[in-house]
Amino acid sequence: LTFTVGAGAIAGYNGPALTAQVSVSAGDTPADTENQNPETPQQTGNQDTSQQLGDTGGTPTLSVSTAVPLTEATLHGSIITLNLSSGTYEGSSWRIRGAVSVSGIPGITLDLFTSRDRVSDTEITIELEYDGNMTANGTLTISVGAGAIQDYNGAALTSQISVPAVSESVTASTASPLTEATLDESVVTLTLSGRKFERWNTTIRSAVSVSGISGVTVRSFDIDRQSDTEVTVELTFNGDMTANGTLTFTVGAGAIAGYNGAALTAQVTVTADRENALLANFPNPFNPETWIPYQLSKPTDVTISIYNINGQLVRTLALGHQAAGVYQSRSRAAYWDGKNQYGEPVASGVYFYTLTAGNFTATRKMLIRK
């Protein structure tokens, strides 16, 4: 080995470069038979010449493991542990991060700053980010380049993990069958299979919608994430169904973590009501106003009469001739402002309201609480 020291390294000197040499023998150095036991390997200082890679003792190998089996559904956010045998990882996280990569499945990436962590001399972890849609089973290849391993300049080490593809789907369910009369304020649960919903409500709300029945809408704040796989949707209905219908719930890719495939859909059948009925007022108890919903099987004149606990008529709401349908939302239901026929506020207590629609009558109870 020839060491050259140029003039620039020497203060106040501009002459030719200076050189020095050291001889290097190939293989073992011959033993000094006078001063050394022939059976004892020669050592220099504290160096252990039996190990060629620092303190590793051989060519390094890589193995990988996960806490749970990897599938397409669990890829996003999964942690993989990279175990090194017969080698030592570099002490610098930056050197490690620049030398570790994944490949084999489109949509999988590693965040440069947060996805690779040195746990020990022989163990690092990587966190996967996934935004894709597997159409078949795949194989994930993890590569650790020489730059991540101390005293090693060989080929990159690799290890592989099989990842089964998962079929994503969503289903819709309700606590009781949906009818035209119960549509307004009904809650539908959307259950996701094969994936997880995004973490934030704001992200989910922009990607969930409902269609199929005129008058059914969903307010953004009525969509709520309940768990990784469940979202609830509260419906608002202001319409009139003339026949049975089907609600279609659409969950776009933006609502699903690590997914960029087609939107998922689920359906619920809604029965059109065609019977006369007087429904429960809301709110109840109330102060001072309330809404009284009802439904009609055919066009008819409608009147609602309100009585006090003694059976005395307090107020008559003449609603006129109305078409068949459900009158349940605030814009369609009968409205009572809590006043008698003289415009005076009534006292607290129990009151009764009676619906008269043609030959049909029905009575229910309500409570004013002041």
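Visitor: What makes Glu168 and Arg195 a salt bridge?

Guide: Their closest N and O atoms are 3.1 Å apart. A salt bridge is a side-chain nitrogen of Lys or Arg within 4 Å of a carboxyl oxygen of Asp or Glu, so the pair qualifies. Before we go on, this is a predicted model, where local features need pLDDT of at least 70, side-chain atom pairs count only at pLDDT 80 or more, and totals for chains, interfaces and linings use all residues. Residues are numbered from 1 along each chain as its sequence is written, and side-chain values use heavy atoms, leaving out hydrogens and water.

Visitor: Where in the chain do Glu168 and Arg195 lie?

Guide: Glu168 is in the loop between β11 (157-163) and β12, and Arg195 in the loop between β14 and α2 (201-205), 27 residues apart. Helices (H or I, at least four residues) and strands (E, at least two) are DSSP runs, numbered from the N terminus. Together with Glu72, Glu168 and Arg195 are linked in a network of salt bridges.

Visitor: Why is Arg195 called buried?

Guide: Its relative accessibility is 4%, and buried means under 20% relative accessible area (exposed is over 50%, partly exposed in between; 1.4 Å probe, protein chains only), so Arg195 counts as buried. Glu168, at 14%, is buried too.

Visitor: How do you know that Arg225 and Asp228 are paired?

Guide: The closest N and O atoms of Arg225 and Asp228 are 2.5 Å apart, so the cut-off for a salt bridge is met. Both partners are partly exposed: Asp228 at 35% and Arg225 at 24%.

Visitor: And what is the state of each partner in the salt bridge of Glu90 and Arg95, buried or partly exposed?

Guide: Glu90 is buried at 14%, while Arg95 is partly exposed at 47%. The N to O distance of this pair is 3.4 Å. The count of salt bridges comes to eight.

Visitor: Which residues touch the most other members of the largest nonpolar core?

Guide: Leu183, Leu190, Leu235, Leu247 and Phe249 do, in a core of 31 residues. The name means a set of buried Ala, Val, Leu, Ile, Met, Phe, Trp, Tyr and Cys residues joined through side-chain atoms within 4.5 Å. Strand β21 (264-271) is one of those that supply at least two residues; β21 gives the most, with four. A second, separate core of 29 residues includes Leu84, Val102, Tyr130 and Ala148.

Visitor: Why is Val24 called exposed?

Guide: Its relative accessible area is 61%, above the 50% limit, so Val24 is exposed. Val24 lies in the loop between β2 (18-21) and β3 (61-66).
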